[in-house]
Amino acid sequence: MINFIALAAGIIVAVVIIFQFNQLESTKIKWIYPLILATLPAYYWIFAIYVVNYDALLKEVLFGTLFIAAALLSFRFSSSFGRLALGAGFVIHALYDIAHVKLSGYSIAPIWWPEFCGAVDMILGFYLLWIHFANYRLS
């Protein structure tokens, strides 16, 4: 069953993030989206600690390093490859949010988390990919 309130809240948060970040200087945007992607795994770490599931914590740390690596790549290579890694990282994390219980076999996140975080990640990811491909087409 889809939690439409969490989904709507995620959409609103994503739109606010995009709107607010578009008001910033371009030098700040270079690091702020990668920072968001790099911190996303920490939520699952906190959820695992909260429910005292240390096996889940270990798995989440291992999975989380992939998203941290994508964030570091996007920060290090601020070229088109970096933007592509960043957008793809957000979209993949959205899919991870949505399929987390089926992939992992355990539920540590709040019941509303997949719709909320999945919506935020998916919108940010597609927005960043749209910017990447729009800039790629223009160059």
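## Reading a helical model, feature by feature

User: Let's start with Val91. Which residues does Val91 touch, not counting those up to four places away in sequence?

Analyst: Val91 touches Asp121, Met122, Gly125, Phe126 and Leu129 once those sequence neighbours are set aside. Please keep in mind that this is a predicted model.

User: Where is Val91 found, and is it buried or exposed?

Analyst: Val91 belongs to helix α4. A residue is called buried when its relative accessible area is under 20%. Val91 has a relative accessible area of 13%, so it is buried. For a sense of distance, the C-alpha atoms of Val91 and Asn22 are separated by 20 Å, and the two residues are 69 residues apart along the chain.

User: What about His93, is it buried or exposed?

Analyst: His93 is buried, because its relative accessibility is 1%. Its place is also in helix α4, which covers residues 80-104. Leaving aside neighbours within four places in sequence, the contacts of His93 are Leu40, Pro41, Tyr44, Phe67, Cys117 and Asp121. Asp121 is also one of the residues that Val91 touches.

User: How do I read a list of buried positions in a helix?

Analyst: Here is the general idea: an α-helix has 3.6 residues a turn, so residues three or four places apart point the same way. Now try that on α3, where the buried residues are Ala56, Leu57, Glu60, Gly64, Phe67, Ala70, Ala71 and Ser74. Phe67 is also among the contacts of His93.

User: Which residue of α3 could I look at for contrast?

Analyst: Try Thr65, whose place is in helix α3. Thr65 counts as partly exposed because its relative accessibility is 41%. Its C-alpha atom is separated from that of Pro41 by 7.9 Å, although Thr65 and Pro41 are 24 residues apart along the chain.

User: What span should helix α3 have, and how far apart are its end C-alpha atoms?

Analyst: The idea is to compare an expected length with the one in the model. Helix α3 has 23 residues (54-76), so at 1.5 Å a residue it should span 33 Å. The end C-alpha atoms of α3 are 32 Å apart, which agrees.

User: What caps the N-terminal end of α3?

Analyst: That is Asn53, which has a side-chain oxygen 3.4 Å from the backbone nitrogen of Asp55.

User: And what comes before that, in the loop between α2 and α3?

Analyst: Val52 lies in that loop. Its phi is positive, near 55 degrees, and Val52 is a residue other than glycine. Val52 is exposed, because its relative accessible area is 54%. Tyr50, found in helix α2 (residues 26-50), is exposed as well, since its relative accessible area is 72%. The C-alpha atoms of Tyr50 and Ile108 are separated by 8.3 Å, while the two residues are 58 residues apart along the chain.

User: Where is the kink in α4 centred?

Analyst: The kink is centred on Ile98 and amounts to about 60 degrees. Once you reach the residue that follows α4, you meet Gly105, whose phi is positive, near 85 degrees.

User: How much space lies in the largest pocket, and which residues lie nearest its centre?

Analyst: The largest pocket holds about 390 Å³ of space. Of the 20 residues lining it, Asp97, Ile98, Ile111, Pro114 and Glu115 lie nearest its centre. The elements giving two or more residues to this lining are α4 and α5 (113-138). Ile98, the centre of the kink in α4, is thus a residue to find on both views.

User: What can be said about Pro114, and which residues is it in contact with?

Analyst: Pro114 has its place in helix α5, and counts as partly exposed because its relative accessibility is 24%. Leaving aside neighbours within four places in sequence, Pro114 is in contact with Asp97, Ile98 and Ala119. Pro114 and Ile12 are 102 residues apart in sequence and 15 Å apart in space, C-alpha to C-alpha.

Conventions:
Residues are numbered from 1 along each chain as its sequence is written. This is a predicted model: local features need pLDDT of at least 70, side-chain atom pairs count only at pLDDT 80 or more; totals for chains, interfaces and linings use all residues. Side-chain values use heavy atoms; hydrogens and water are left out. Helices (H or I, at least four residues) and strands (E, at least two) are DSSP runs, numbered from the N terminus. Buried means under 20% relative accessible area, exposed over 50%, partly exposed in between (1.4 Å probe, protein chains only). Contact means heavy atoms within 4.5 Å. The expected span of a helix is 1.5 Å times one less than its number of residues. A polar contact is a pair of N or O atoms within 3.5 Å; within protein, one must be able to donate a hydrogen and the other to accept it, and residues adjacent in sequence count only if both atoms are side-chain atoms. The bend at a residue is the angle between axes fitted to the seven residues ending there and the seven starting there. On a 1 Å grid over the protein atoms alone, a cavity is a set of points where a 1.4 Å probe fits but cannot get out, and a pocket is an open set with protein on both sides within 12 Å along at least five of seven lines; lining residues have an atom within 4 Å of a point. Grid points are joined across faces, edges and corners, and a volume is the space filled by probe spheres set on the points.
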